[in-house]
Amino acid sequence: MTTQIDQPGLAAASPAGPTPTPAGSAPGLTHRPGRWIDGWDPEDTAQWEHGGSAIAARNLRWSIGAEFLGFVVWQLWSIVVVSLPAAGFAFDTAQTFWLISIPSLVGATLRFPYTFMVPRFGGRNWTMISAGLLVIPTVGLALCVGNPHTPFGVMLLVAATAGLGGGNFASSMSNITFFYPQRQKGFALGLNAAGGNLGASVAQLVVPIVVSIGAGVTLQLPLAGWIWIPLILIAVVGAGLRMDNLSHAKADFAASIAAVKVPEMWLLAFLYIGTFGSFIGFSGVFPKLIADQFPAFSAFGVGTATLSLAFLGALVGSLARPIGGRLADRFGGTSVTIVSFVVMAAGAIAVITTLPTAGFGTFLGCFLVLFAAAGIGNGSTYRMIPTVFALRAGSEDAHRRAGDVGSQRRTAAALGLISAIGAYGGFVVPQVLSLSKTSFGGYATGLSWFVAAYVVMIAVTIVFAVRGRRAGVRI
């Protein structure tokens with residue numbers, strides 16, 4: 001037995017009247033024009049095992065593809081700025097770090113309204129819209145970097161539009177949480193996020209090669225934007241043909257108000273700044289850090305192309321994220337998150353102590369440890385969110401049961417809001433390191449501030465673990 005929940009404005013969003021249920025579709029589902037599905041309940045074992053899991057997996061695949069491109073666009077400027085001097089641009093350190101950080105500031109802010117787009121337009125419909133919007137920053141970048149006389153103000157404005165790619169994460173994660181049962185949310189959300197996070201790594205790998213291959217002494221920087229246009233169009237068409245809208249996927253304004261009134265949400269957001277904020281922030285500045293500290297290792301010639309090893313940081317962090325979600329599914333998010341912060345602090349301390357004397361290999365190794373721990377922490381911290389909200393709703397097994405529909409909607413709202421707050425770390429990290437560089441002549445002071453923050457975050461996570469243990473729940 002399934003219950004259909006009316007969605008305001010649904011009739012306007014899709015033509016009225018059900019269509020025949022497709023052969024082989026999961027029991028209890030009604031399919032309507034516009035790829036709307038009624039009666040979705042992933043906690044219904046029969047529905048899940050007889051077609052529901054296949055529908056969820058199909059939507060997850062295309063969600064990952066669209067989010068992947070969002071992260072690509074979000075990180076393009078962090079890659080391009082390293083090559084701007086060679087292309088004839090003359091920006092100082094502060095201006096360079098602003099170009100790196102402004103996409104994160106805008107992207108984090110856009111995640112708040114993006115959280116409400118899935119219930120307003122439908123997951124499939126909004127994926128098409130948000131993916132299509134990525135054309136704006138890619139074309140803008142291609143036009144700006146092709147002219148070394150482009151004013152810094154114009155460059156900064158166009159860099160800000162790259163934040164459209166960062167906003168995609170909130171709507172994508174909010175959408176996918178409705179498709180999966182509570183017991184599998186950690187892995188599903190981790191996989192969705194990891195697929196998106198990989199966009200940062202792939203962009204850092206591909207862009208330096210593409211803009212330098214066969215270019216001789218002149219970089220083809222506009223290609224950093226143009227090469228992604230065909231993939232963006234494929235993502236729009238693919239989402240339209242293969243994704244679905246769920247009528248009960250509703251994280252309305254009332255649910256968001258309820259979520260922000262929960263003190264735990266703010267503590268979880270603080271932790272997410274430490275995990276995801278560190279990942280996206282250090283991913284953005286890693287090419288610049290390598291260029292500043294080890295210029296001889298900033299780029300390697302591969303035939304007629306140039307390869308940068310900066311992509312390894314984002315790659316390691318991205319691949320580690322679903323591992324964190326899977327470990328959190330099994331052992332609880334708090335245990336995994338505590339270990340992650342300990343290792344992140346140790347990695348930062350190792351960079352600080354070895355930077356003056358160590359070589360590039362040690363520098364790279366220490367940072368890769370930090371990236372891996374941040375990636376695992378991303379998955380485990382995000383997995384804590386559904387559990388905490390289910391516990392507050394009185395679920396008997398909050399780690400495996402999502403609670404009632406109201407609890408699920410508050411959880412979806414919290415996922416979007418927390419992802420937005422955490423993304424501000426992508427702005428904070430470059431700005432802190434910029435301040436450290438300009439005020440203290442190096443990055444060690446800024447890194448020491450991050451170590452102190454990680455210690456505080458360990459204490460906050462322990463509080464969650466203790467509370468869960470008292471309630472007999474593995475958070």
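Is R35 buried, exposed or partly exposed? With 29% relative accessibility, R35 falls in the partly exposed class. Keep in mind throughout that this is a predicted model.

## R35 and its loop

Let's start with where R35 sits: the loop that runs between β1 (30-32) and β2 (36-38). Its backbone deserves a look too. The phi angle of R35 is near 60 degrees, which is a positive value in a residue that isn't glycine.

The side chain of R35 has a partner. It meets the side chain of D244 in a salt bridge, at 3.2 Å from N to O. That pair links distant parts of the chain, with R35 in the β1-β2 loop and D244 in the loop between α11 (229-242) and β3 (245-246), 209 residues apart.

## D244 and the shared network

How accessible is D244? This residue counts as buried because its relative accessibility is 3%, and the cut-off for buried is under 20%. R35, at 29%, is on the partly exposed side of that line.

D244 also pairs with R58, and here the closest N and O atoms of the salt bridge are 2.9 Å apart. R58 belongs to helix α2 while D244 belongs to the loop between α11 and β3, so this bridge ties together parts that lie 186 residues apart in sequence. Like D244, R58 counts as buried, with 13% relative accessibility for R58 and 3% for D244.

## A bridge within one helix

The structure has six salt bridges, and one of them joins K288 to D292, with 3.4 Å between the closest N and O atoms. Both residues are in helix α13 (residues 263-293); they are four residues apart, so about one helical turn separates them.

The two ends of this pair fall into separate accessibility classes. K288 counts as buried at 15% relative accessibility, whereas D292 counts as partly exposed at 28%. Back with the earlier trio, salt bridges that share partners join R35, R58 and D244 into one network.

## Helix α2 and A54

Helix α2 spans residues 45-80, and A54 is part of it. At 47% relative accessibility, A54 counts as partly exposed. What separates A54 from A26 in space? The two residues are 28 residues apart along the chain, and their C-alpha atoms are 9.1 Å apart.

## Cavities

How many cavities of 30 Å³ or more does the structure hold? There are five. The largest cavity holds about 110 Å³ of space. Its lining is made of 13 residues, and those closest to the centre are T127, S130, N168, S171 and S172. Three elements each give two or more residues to that lining: α2, α5 (123-132) and α8 (163-179).

As for chemistry, the lining of the largest cavity breaks down into eight polar residues, four nonpolar ones and a single charged one.

## A nonpolar patch on the surface

Over on the surface, L143, L223 and W226 make up a nonpolar patch. Together they have about 290 Å² of accessible area.

L143 is the patch member to finish on. It lies in helix α6 (residues 135-145), and it counts as exposed because its relative accessibility is 57%, with the cut-off for exposed being over 50%.

Notes
Residues are numbered from 1 along each chain as its sequence is written. This is a predicted model: local features need pLDDT of at least 70, side-chain atom pairs count only at pLDDT 80 or more; totals for chains, interfaces and linings use all residues. Side-chain values use heavy atoms; hydrogens and water are left out. Buried means under 20% relative accessible area, exposed over 50%, partly exposed in between (1.4 Å probe, protein chains only). On a 1 Å grid over the protein atoms alone, a cavity is a set of points where a 1.4 Å probe fits but cannot get out, and a pocket is an open set with protein on both sides within 12 Å along at least five of seven lines; lining residues have an atom within 4 Å of a point. Grid points are joined across faces, edges and corners, and a volume is the space filled by probe spheres set on the points. Ala, Val, Leu, Ile, Met, Phe, Trp, Tyr, Cys and Pro count as nonpolar, Asp, Glu, Lys and Arg as charged, and the others, Gly among them, as polar. Patches are made of residues with over 30% relative accessible area and no salt bridge: like charges are joined within 9 Å, nonpolar side chains (Val, Leu, Ile, Met, Phe, Trp, Tyr) within 5 Å. Accessible areas come from the Shrake-Rupley method with a 1.4 Å probe; for residues, only the protein chains shown count as cover. A salt bridge is a side-chain nitrogen of Lys or Arg within 4 Å of a carboxyl oxygen of Asp or Glu.
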